[in-house]
Amino acid sequence: MAPERKFFVGGNWKMNGNKKEIDGIIAFLTAGPLDPNAELVCGVPPCYLDYCRQKLPGSIGVAAQNCFKVAKGAFTGEISPAMIKDVGVEWVILGHSERRNVFGESDALIAEKVSHALSEGLKVIPCIGEKLEERESGKTEEVVFSQLKAIVDKIPEDKWDNVVIAYEPVWAIGTGKTASPQQAQEVHGKLRQWLSENVNAEVAQKVRIIYGGSVTAENCRELAKEADIDGSLVGGASLKPDFIHIVNASQ
């Protein structure tokens, strides 16, 4: 990781937790100790955004796990960036593999969501990643570059400071399979090279690219040592006290 890129860890709680369980997570995060040089953001279910923002220390960010592409309207069940901001939350995760592969969201829709969220002043964690069959057929680069291009085309030049890209190979999410640090680094390096060639060298150098896919307290330090891995996006492990080790992986 380049020294100018601050280590970033996202804890994606997904559809887990109630107030009692969240209080437990907040307790171990507050107790820490957390690396003061790492940035931590928790992605929480929409009904607990306000609760978490009020209860978590101000040094820990809160993210919505999704939002829609417009400010308001007849879109039952959706939430807008304006609503997210109204409860004091600054971040949103967009294009997670579950949104793509369970709920059928297209590259184009995800790009529109990213564009609107950034225009409303939210910081965005857009996710990209290939399925197992795509990796096995040698299409990893084709898939992730295509997903990234759709998003990049919608990011204004002055908004890159509000973007953290998450590379999450779908085959490694919740399966216990993890891309080796070398496999993950290879893709991260190619993503950064693509950004240099298709956006500019400055953006490629400064944007943080984090890894997601069965990150654990056991493998987090090896991943963090790689030159182009700037942190992690963590699912189930972020619900447990061992998550502290993952936040502190770059120490």
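**Pockets, a cavity and some contacts**

Q: Which residues lie nearest the centre of the largest pocket, and how many residues line it?
A: Pro46, Gln65, Asn66, Arg99 and Phe103 lie nearest its centre, and 19 residues line the pocket. The model is predicted. The volume of this pocket is about 470 Å³.

Q: What makes a residue such as Pro46 part of the lining of the largest pocket?
A: A lining residue has an atom within 4 Å of a point of the pocket. Pro46 is listed in the lining, so it has an atom within 4 Å of such a point.

Q: How do the residues of that lining divide by class?
A: Ten are nonpolar, five polar and four charged. Arg counts as charged and Pro as nonpolar, so Arg99 belongs to the charged residues and Pro46 to the nonpolar ones.

Q: What is the volume of the second largest pocket, and which residues lie nearest its centre?
A: The volume is about 270 Å³. Leu40, Gly58, Ser59, Ile60 and Gly61 lie nearest the centre, and the lining has 23 residues. Helix H1 (19-31), strand S2 (38-44) and strand S3 (61-64) each give two or more residues to this lining. S2 provides the largest share, four residues. By class there are twelve nonpolar, five polar and six charged residues.

Q: Why is the space lined by Phe7 and Tyr211, among others, called a cavity?
A: In a cavity a 1.4 Å probe fits but cannot get out, whereas a pocket is open. The space with Phe7 and Tyr211 in its lining is the largest cavity, so a probe placed there cannot leave. Its volume is about 50 Å³, and the structure holds one cavity of 30 Å³ or more.

Q: Which element gives the largest share of the lining of the largest cavity?
A: H10 does, with three residues.

Q: How do you know which residues of the cavity lining are polar?
A: The lining has nine nonpolar, two polar and no charged residues. Gly counts as polar, and so does Ser, because Ser is in neither the nonpolar nor the charged list. The polar residues are therefore Gly231 and Ser232.

Q: How do you know that aspartate 228 and arginine 5 form a salt bridge?
A: The closest N and O atoms are 3.9 Å apart. The limit is 4 Å, so the pair qualifies. Aspartate 228 is in the loop between H10 and S8, and arginine 5 is in the segment before strand S1 (7-12), 223 residues apart. A search of the whole structure finds 16 salt bridges.

Q: What describes the packing of helix H5 and helix H7?
A: Two packed helices are described by the angle between their axes and the distance between the axes. H5 (residues 107-119) and H7 (residues 140-152) pack at about 35 degrees, with their axes 8 Å apart. Their crossing is right-handed.

Q: What makes Asp107 and Ser146 members of the contact of H5 with H7?
A: Contact means heavy atoms within 4.5 Å. Asp107, Ile110, Ala111 and Val114 in H5 meet Ser146, Gln147, Ala150 and Ile151 in H7, so these residues satisfy that limit. By class the contact has five nonpolar, two polar and one charged residues. Asp counts as charged, so the charged residue is Asp107.

Q: Where is the peptide bond with omega near -5 degrees?
A: It runs from glycine 32 to proline 33, and it is cis. Proline 33 lies in the loop between H1 and S2.

How values were computed
Residues numbered from 1 in each chain as written. Predicted model: local features only at pLDDT ≥ 70, side-chain atom pairs only at ≥ 80, totals over all residues. Heavy atoms only, no water. 1 Å grid on protein atoms, 1.4 Å probe; cavity = no way out; pocket = protein on both sides within 12 Å on 5 of 7 lines; lining within 4 Å. Points joined across faces, edges and corners; volume = space filled by probe spheres on them. Axes fitted to C-alpha atoms, helices over the stretch in contact; angles between N-to-C directions. Left-handed = near helix turned anticlockwise from the far one by under 90°. Salt bridge = Lys/Arg side-chain N within 4 Å of Asp/Glu carboxyl O.
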